Amino acid sequence: MPKQKPKPQARGLAEGLRAARKECKLAMIEVVEKLDWSQSTLSRIETGLRNASVEEVSALLAVYQVTGARRDSLLEMARDVDRPNWLETRYADVPHQAKTLAQYESDATRIVDAASILVPGLLQTPSYIRAVMHSTGVAPADIQARVDLRAERQKVLDRRKPPNLVAFVDEAALRRRIGGSLVMADQLRHLVTMAERPAVELRVIPFDVGGHPGVNSAYVLLEFYDARPVVHLEHRRSGLFLHQKADVDPYVEATASLNAVALDPMQSVRMVESIAESYD
């Protein structure tokens, strides 16, 4: 039976604490000397292999001089770290979950992104990303940080051995004119280019299919060589990680259903090319 990696919330907390330490330019050895801890304790906390107590997180944040809303957010994560799933409802310039999702994508052997309204994040162009951010009400001051993180996430597909990406895209996402005709034409041609890569499988779900499991449940399913799958759901002001088998299995089943109704890769590329031409 595959083992379970650190829970999503533990990974998110670990990333938040590691980032705070690096921002104040402290080496691990300096931190553990201040707190009289072992270096292995801090290392395991920063990798999510050991749950940090609220008291330990509070001590670390005092050393890192983290205050205000960011401190409150990390302490709340510490209090809730053992919850079955991780719901994040407070967004800063970049949500904690976005960074954790990037870590999971880097570890994954296969990523299934089922998108019903938007083009999947790993296949978005910078102009499309900005247009999405503007149209969904992201504060202008926060947009660049999110664009940069998404661009960083996309580098996972440039690795020598990238994860296999299966991108299910509803025809509605291809025809929704986000950012205008030029942005959409560029975005759809980028999809065609990416679909030429051996590790990227583009699967379009045409309008003719009617209803399907992706209509009301856009999701990212991440599969690993040595651990059980994880699902990430993103909503307007919240994000949710699911890692328990009973919660993940319905998305595994939904993926099989989408695979049965989506166009094959060659048909998908032809449809995307045709729609791209309509934007010219």
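Which residue just after helix 2 takes a positive phi of about 60°? It is Asp36, and the views below start around that helix. This is a predicted model, in which local features need pLDDT of at least 70, side-chain atom pairs count only at pLDDT 80 or more, and totals for chains, interfaces and linings use all residues. Residues are numbered from 1 along each chain as its sequence is written, and side-chain values use heavy atoms, leaving out hydrogens and water.

**View A. The two sides of helix 2 (residues 28-35).** Helices here are DSSP runs (H or I, at least four residues), numbered from the N terminus. Met28, Val31, Val32 and Leu35 are buried (under 20% relative accessible area, 1.4 Å probe, protein chains only). They lie on the same side of helix 2 because they cover an arc of only 95° around the axis, taken from the directions from the helix axis to the C-beta atoms. Look to the other side for Glu33 and Lys34, which are exposed (over 50%).

**View B. Helix 2 meets helix 4 (residues 54-64).** Their axes, lines fitted to C-alpha atoms over the stretch in contact, are 11 Å apart, and the packing angle is about 115°, on a scale from 0 to 180 degrees between N-to-C directions. Val31, Lys34 and Leu35 of helix 2 make the contact (heavy atoms within 4.5 Å) with Ala59, Leu60, Val63 and Tyr64 of helix 4.

**View C. Helix 7 (residues 126-135) and its cover.** Here the buried residues are Tyr128, Ile129, Ala131, Val132 and Met133. Helix 8 (140-154) and helix 10 (181-195) are included in what covers them. Just after helix 7, find Gly137, with a positive phi of about 85°.
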